[in-house]
Amino acid sequence: MKPIEIITQLLELIVALAAAPLFVGWINQCRAWLQNRSAPSIWLPYRGIRKLFHKDAVIATNASRLFRLAPYVVFGAMVIAAGIIPSMATRLPLTQVADAIALVGLLATARVFMSLAAMDIGTAFGTLGARREMMVGFLAEPALLMVIFVASLISATTALPAITEHLATQRLGLYPSLAFTAVAFLMVLLAENARIPVDNPATHLELTMIHEATLLEYSARHLALMDWAAALKLFNYACIGFALFIPWGVSTRGSAPVALLASIPVLAAKLAVAGALLAVLETVSAKLRVFRAPEFLATAFLFAVLGLLVHLLLRV
Amino acid sequence: MGFLLLIGTPLTGAAVLAVLGARRFAPRLNIAFSLVTFLAACALTVVVMGAGNLTFAREQFFIDPFNVFLVTLTALVGLTTAVFSRPYMRVEMEHGRVRAPQLRLYHSMYQLFMATMLVALTTNNMGLLWVAMEAATLSTVLLVTLYRTGPSLEAGWKYFVLCGVGIAQALFGTILLYFAAEHVLGAEGVSALLWTHLNGVKGSLEPKVLSLAFVFLLVGYGTKVGLAPLHNWLPDAHAEGPTPISAVLSGLLLNVALYAVVRCKILVEGSLHSSLPSHMLMGFGLLSVVLAAFFLWRQRDIKRLFAYSSIEHMGIITFAFGMGGAVANFAALLHMTVHSLTKSAIFFAAGHAAQKSGSQLIDNIRGLITLSPTIGWGLMMGSLAILGVPPFGVFASEFLILTTAMREQPWATPILLMALAVAFAAIFGRVQPMVFGETTARRLPHPPALLPVFLHLALVLALGLYIPPYLAEWYRAAARLIGGG
Amino acid sequence: MAGVPFDLQLLNLCAALLLLLSFAMLTQRRLVNLVNLLAVQGTVLFVATLLIAWRTRQAHLYLSAALTLGLKVMLLPYLLHRLIRRLEVYWDAEPLLNISGTMLIGVLIVVFSFGLAQPISALASTATRNAIGIAVAVVLLSFLTMITRRKAMSQVVGFLSMENGLFFGAMSATYGMPMVVEFGVALDVLVAVLVLGIFFFQIREQFDSLDLHHLESLREDATAGERE
């Protein structure tokens, strides 16, 4: 393990932790512009997290140890995931811990703990949120796995950095299979990160919540960690999307250290465009009724399977 | 020249009758066009008798022993049905079931239908065969719904959808056939789709592709033949449409569709050298016979009854073609001829019987002999003929088929015999009270057309007793062409 | 993936789009959108035919492409839209199977058709031979569309989509059929739609609805309606 790799890894983790709330702030800014209102400051998520850390945590009397443990587990999983995903470089020592499929498992672990903790207190809304969250997750996971399968088939490996490297060196051309899987991935991203059309992140009505309902019982540092973890999850998903579909700009094996520094502005640009696109998607779509969410996810799965079939048949 | 007249006359007739079809002389005009078509067919037959196989229009059309008698048969039944249709439709107009604009549609579509069938029979181009079959379906859809009642619309819809989907499968089969042929014959011009050329090179066509193609072609064209389990449209279309249409559907369209199937079978068998096509034909044929025989018992409508009888007989013919060999093919070809004549005769009689009694339900038609002996006897004789009573021609062909089956496919013989017996009991049991006993019939405002019924029955009787040498020679030559067995 | 010429890439893209469109038609409930999807399918076919014509330098394929454009992109959707407006049938609300189930069956069908088309693809000598499986899949998916619908109009769109799939199959396996046959097929399709138009009016007149539920009354032992 060369020192440059350790530096790369740490740099990536720091960038992820620092940039995730900014990403969320940027999306809110774009959404406000599209809705013709003035947005809160881009730095508001940071201020929110800082404020929450200064508060005293209030926990229900019947909360178990799981409830106290869950925010740390979730946040930790997201941090590890951020370390595995090649957002800036492909020479990451931490990637030997998990390949793309294990990454999906890692995200699933976070989801499971979040749902269990939400059910831990025993309130109606917590359980409601947990059940819905698990339903969305259970349907989105096959689609995500199928996307990764297609990418793996094309690159003959399941290690995410290797996939990125392979796809970055491909000739430029039309790849319908990747196009289909990109659409599928986008739909999974919207579903897993509780964006419109699956879930409204700004809703106050508990009966319409999916993700927010699992957070109702948290306060202070626990809530801060969960919010940060949610922002990190969105950041991670965006970086997975970049790694699979827009891999250029990532410093690959054998490139000079300066490429590492050059990859930061590239990442920033990609995130800016992705955030704007996400805001546009959220503005033009309406939230689906909850029982239609499975149809949405089935469509995502369908796109992913189509991408797989097209790849198998047409070799594109 | 004769060929141009053969195809051109019904086409012209369709155009003319589209304008004049509602006039009082329209039925006579219809008969006139059909007569000219029939004479052209006869003239062509005479030429073929002297000169052998013929091709026309740079090999796009051809006449060989297989389709020569079918062409004349089609023209003949077309003529007699036109003769029958004149008084029949007049009575229907009197009863108010059809109005003048619909008669225009009826007459022009009738001629168009004749044209498409003749094209399908004489074309050498497999693609054009497909186009003609689809056109034949389309020209009769609106005729099935002529009466605009609820059930007739449903029958027409089923007919359109089922036959449309089936024909689409046949198109895919044709594409596969072209695909296999292109490798051998090249893609220049239309040579790769011409049956005569394909027949010449069938040994070198790719077997895997052809077996797949045959499956699609059999399912596709087989839907139009009425083979079970794709037969659902047939009883409804026959029962709800006007009787002349039931007659031509049963007597002619089923034959033409089966002709298409057999043409494909010749090609596929030549390429495969396996018994897949013959087994498939035998399987579908037997299934149709058995299914039809049992459904016959549940029928309460006279036209549905005889529609199922058509399914049964087409099943027998398909089974015979599946067996293959000189005798079975000969019998199948003979059966095609006599079934066509007999079934149309029965429909003529049944149509008038229904008109006289005011209902198509078997329970409501009683004692035809008393008021109208000719219709009663026509129905009786026709039923006996179709049930295979000697000396009618159907007996001869069924006998030949059964004996061949006993020799070559003994396992199928008890099934066939049982189905035939069941059908005999069902039909005879229903026809007998219709013809004899207390009558519910009324006089018709116009005298019924009885000549066609007895003409057909006479021909069938004649064929049962004596087959003219040239006809026998065609049957034998066609049997050799079809091969198999 | 290196070295695949650009027009072949475009053809593969067209094939993938056709598959996507068939799935979209499978799940679309609004009839206007269904007809629009059919028009888009026709456009993709038109582009594919042009590409093949350009690639193989066969003049008759340009004519075939023009025919596709005129008939499948312009005339047929126009006729169908006119029918929809005059019959005022806009929705096909109740499918026989829910959307997720239909899509899963659709995926199985695609896998099946790929397997079915393998021997043909192996023998074909065209550059687009891999797309034959997609053509068969489109045909079978259209068939599924027809089966799972209640409104007559959706079944017609499924039928026309089946014809499109067959056309694409002919295009990818043998670079199209002889022109005579193509003209005949086009004519048949056009006449079929015209006949159907007349038919729909008759059905509507009788039943006041184009729901196929009304057309299910004839059974095996049915009696034809009493005459007089």
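The exercises below, each with a worked solution, concern the interfaces and the empty spaces of a predicted model.

**Exercise 1. Describe the contact between chain B and chain C, beginning with its residues and its buried area.**

Step 1. Begin with the residues on each side: chain B brings 62 residues to the contact, and chain C brings 53 residues.

Step 2. Turn next to the area buried between chain B and chain C, which comes to about 5,100 Å², with 69% of it given by carbon and sulfur atoms. On the side of chain B, the three residues B:Glu154, B:Trp157 and B:Phe179 supply 14% of the area that this chain buries against chain C, which is more than any other three residues supply.

Step 3. Then look for polar links across the interface: zero salt bridges are found between chain B and chain C, while the count of residue pairs in polar contact, with both residues at pLDDT 80 or more, is one.

Step 4. Assign the side of chain B that touches chain C to its helices. At least two residues each come from H5 (126-144), H6 (150-185), H8 (207-225), H9 (233-240) and H12 (302-323) of chain B, and the largest share, 23 residues, belongs to H6(B).

Step 5. Finish with the residue classes, which on this side of chain B are 30 nonpolar, 18 polar and 14 charged.

**Exercise 2. Work through the interface of chain C and chain A in the order of area, polar links, helices and residue classes.**

Step 1. The contact joins 25 residues of chain C to 21 residues of chain A, and the area buried between the two chains is about 2,000 Å², of which 82% is given by carbon and sulfur atoms.

Step 2. A search for salt bridges between chain C and chain A gives zero, and the count of residue pairs in polar contact, again with both at pLDDT 80 or more, is also zero.

Step 3. On the side of chain C that touches chain A, helices H1 (6-27), H4 (99-123) and H5 (132-147) of chain C each supply at least two residues, and H1(C) gives the most, with ten residues.

Step 4. The classes on this side of chain C are 19 nonpolar and six polar residues, with no charged residues.

**Exercise 3. Locate the largest pocket and characterise its lining.**

Step 1. The largest pocket has a volume of about 1,200 Å³. Its lining consists of 39 residues, and those closest to its centre are A:Val24, A:Asn28, A:Pro201, A:Glu212 and A:Asp227.

Step 2. Helices H1 (3-34), H2 (44-53) and H8 (220-245) of chain A each contribute at least two residues to this lining, and H8(A) contributes the most, namely seven residues.

Step 3. Sorted by class, the lining of the largest pocket holds 19 nonpolar, ten polar and ten charged residues.

**Exercise 4. Place the largest cavity among the helices of the model and classify its lining.**

Step 1. The structure contains 13 cavities of 30 Å³ or more, and the largest cavity encloses about 210 Å³ of space. Of the 17 residues that line the largest cavity, C:Lys72, C:Phe167, C:Glu182, C:Val185 and C:Ala186 are the closest to its centre.

Step 2. The lining draws on two chains, since at least two residues each are supplied by H6 of chain B and by H3 (59-87), H6 (152-174) and H7 (179-207) of chain C.

Step 3. By class, the lining of the largest cavity comprises twelve nonpolar, two polar and three charged residues.

Conventions. Residues numbered from 1 in each chain as written. Chains lettered and ligands numbered in written order. Predicted model: local features only at pLDDT ≥ 70, side-chain atom pairs only at ≥ 80, totals over all residues. Heavy atoms only, no water. Contact = heavy atoms within 4.5 Å. Buried area = accessible area lost by both parts, 1.4 Å probe. Salt bridge = Lys/Arg side-chain N within 4 Å of Asp/Glu carboxyl O. Polar contact = N/O pair within 3.5 Å; in protein donor to acceptor, adjacent residues only side chain to side chain. Helix = DSSP H or I, 4+ residues; strand = E, 2+ residues; numbered from the N terminus. Nonpolar A, V, L, I, M, F, W, Y, C, P; charged D, E, K, R; others polar. 1 Å grid on protein atoms, 1.4 Å probe; cavity = no way out; pocket = protein on both sides within 12 Å on 5 of 7 lines; lining within 4 Å. Points joined across faces, edges and corners; volume = space filled by probe spheres on them.
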